[in-house]
Amino acid sequence: MRTQVAIVGAGPSGLLLGQLLHKAGIDAVIVERVTGDYVLGRIRAGILEQVCIDLMDEAGVGARMHKEGLIHGGIEMLFDGKRHRVDMNKLTGGKNVMVYGQTELTRDLMDARAAAGLTTVYEAQNVAVHDFDSTKPWVTYEKDGQQHRIDCDFIAGCDGFHGVCRASAPRSAIKEYEKVYPFGWLGLLSDTPPVNDELIYVNSPRGFALCSQRSKTRSRYYLQVPLTDHVEDWSDDAFWQELKLRLDEEARAKLVTGPSLEKSIAPLRSFVTEPLRFGRMFLAGDAGHIVPPTGAKGLNLAATDVKYLFDAIVEFYKDKSEAGIDDYSRKCLARIWRAERFSWWFTQLMHRFPDDGPITAKFQSAELDYLMNSEAGLKTIAENYVGLPLDFGG
Ligand code: RFL
Ligand code: PHB
């Protein structure tokens with residue numbers, strides 16, 4: 001098989017890139033290790049920045065998102081038993097975020113791809129990337145016991161943190177930066193009305209908690225838990241009990257509990273690969289970087305990588321120029337490090353670190369108190385949370 005762009009991975013990055021390329025008349029094939037249902041079963045991000053919303057529109061798949069997504073102009077911060085609102089809309093001159101689950105965004109992209117009759121090879125085994133240091137790279141995979149080959153101009157590594165593309169880059173050409181946090185997030189999804197109209201980020205003596213949502217009738221909650229905890233050890237009741245202990249009086253009284261639809265523990269990690277380009281192979285999304293979810297940046301960063309990669313590929317075919325692909329890594333990394341910094345800072349501000357003494361909790365309280373009472377402090381949170389503009393800093 002021959003295509004212009006071989007995309008490895010049918011998560012949000014791969015599907016969004018595939019859809020944008022299709023709209024621009026550029027041919028792409030996606031190979032994915034698992035089934036489409038498996039991809040849809042992974043409950044992950046829930047907050048879209050405007051850049052991500054705009055890209056869904058550019059890809060022509062924004063209709064359901066605009067109908068069902070919930071616009072949020074603020075978040076609440078709970079610490080020392082009191083809630084404070086960050087009016088992001090006012091602080092950023094009218095910017096908002098949207099509550100729309102990664103599952104829904106992925107489903108919209110999958111449906112559009114199927115409707116356009118584009119090729120996605122699900123359950124592709126032993127995907128391998130070849131000769132990406134030449135102008136004739138190729139990808140192989142096995143399916144139903146048969147070996148297949150895709151010849152292409154470019155390989156897009158959209159295969160997540162555990163993918164094959166980054167792992168295939170020469171070790172001598174790659175530098176990786178990593179911080180693993182000493183706790184995880186236990187998430188619970190339930191068909192119960194959210195406890196609050198807006199998200200509540202909680203710094204409590206028992207650890208971090210987050211009250212999020214997917215719709216007016218579906219809630220997503222998270223608890224900071226030790227890395228040694230197993231999801232099987234957390235009954236729904238135990239989860240709700242612990243969440244209540246981390247909330248304020250009003251939220252405790254308002255919280256509606258119910259059976260979980262999904263429960264899982266995610267580890268927290270900051271991770272960046274440099275560079276993101278190896279000849280004719282590019283890394284995008286979680287394949288190149290991971291943020292702890294505290295700043296809700298993972299999916300949004302993936303979307304901006306895709307935007308930059310898409311623009312560069314279009315420039316290559318339409319203008320016969322390699323300037324865009326030559327600049328891809330630098331441009332992405334500038335934005336990635338800004339989001340990495342914010343996610344790391346927000347994580348250390350809001351969590352209990354097992355090796356830190358009581359003084360750290362006091363520092364956190366004092367910092368939160370400062371932030372909530374300073375226009376500059378509030379603005380710092382707001383402008384990072386809604387997402388820095390694409391042209392920030394040049
Ligand atoms: P994905 O979604 O991991 O998709 C990669 C796809 O590549 C496939 N793949 C392969 N295909 C072929 N051959 C191989 N060898 C392959 N290896 C892997 C995988 O099966 C998969 O389908 O990466 P992508 O597309 O870059 O999207 C990134 C986002 O998914 C990610 O940034 C966010 O979900 C991160 N994240 C969260 N972000 C938020 O903003 N808020 C959250 O609440 C949030 N929760 C999470 C998360 C990430 C998690 N992970 C990765 C463990 C919770 C979890 C558990
Ligand atoms: C979510 O709804 O899953 C979510 C929202 C905000 C975050 C992380 C996760 O910071």
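**Notebook: helix H10 and the surroundings of ligand 2**

I began with helix H10, where 17 of the 22 residues are buried, so the helix is largely enclosed by the rest of the structure. I note that the model is a predicted one.

I then looked up the extent of H10, which runs through residues 298-319. From its first C-alpha to its last I read 31 Å, close to the 32 Å expected at 1.5 Å a residue. I also checked what comes after the helix: Lys320 follows H10, and its phi is positive, near 55°.

I turned next to ligand 2. I found 14 residues around this ligand, and those that come nearest are Tyr201, Ser212, Arg214, Tyr222 and Pro293. By class, I recorded the shell as 8 nonpolar, 3 polar and 3 charged residues. I also asked which strands supply at least two residues each to this shell. I noted strand E15 (207-213) and strand E16 (219-225).

I looked up contacts made by oxygen atoms of the ligand. For Tyr201, I found an N or O atom of the side chain at 2.8 Å from an oxygen atom of ligand 2. For Pro293, the partner is a polar backbone atom, with an oxygen atom of ligand 2 at 2.8 Å. For Ala296, I again noted a polar backbone atom, here 3.4 Å from an oxygen atom of the ligand.

Last, I looked up how much of ligand 2 is covered. On its own the ligand has 280 Å² of accessible area, and the protein covers 97% of that.

Terms used: Residues numbered from 1 in each chain as written. Chains lettered and ligands numbered in written order. Predicted model: local features only at pLDDT ≥ 70, side-chain atom pairs only at ≥ 80, totals over all residues. Heavy atoms only, no water. Helix = DSSP H or I, 4+ residues; strand = E, 2+ residues; numbered from the N terminus. Expected span 1.5 Å × (residues − 1). Buried < 20%, exposed > 50% of the residue type's maximum accessible area, 1.4 Å probe, protein only. Near = heavy atom within 4 Å. Polar contact = N/O pair within 3.5 Å; in protein donor to acceptor, adjacent residues only side chain to side chain. Areas by Shrake-Rupley, 256 points an atom, 1.4 Å probe, with all protein chains shown as cover. Nonpolar A, V, L, I, M, F, W, Y, C, P; charged D, E, K, R; others polar.
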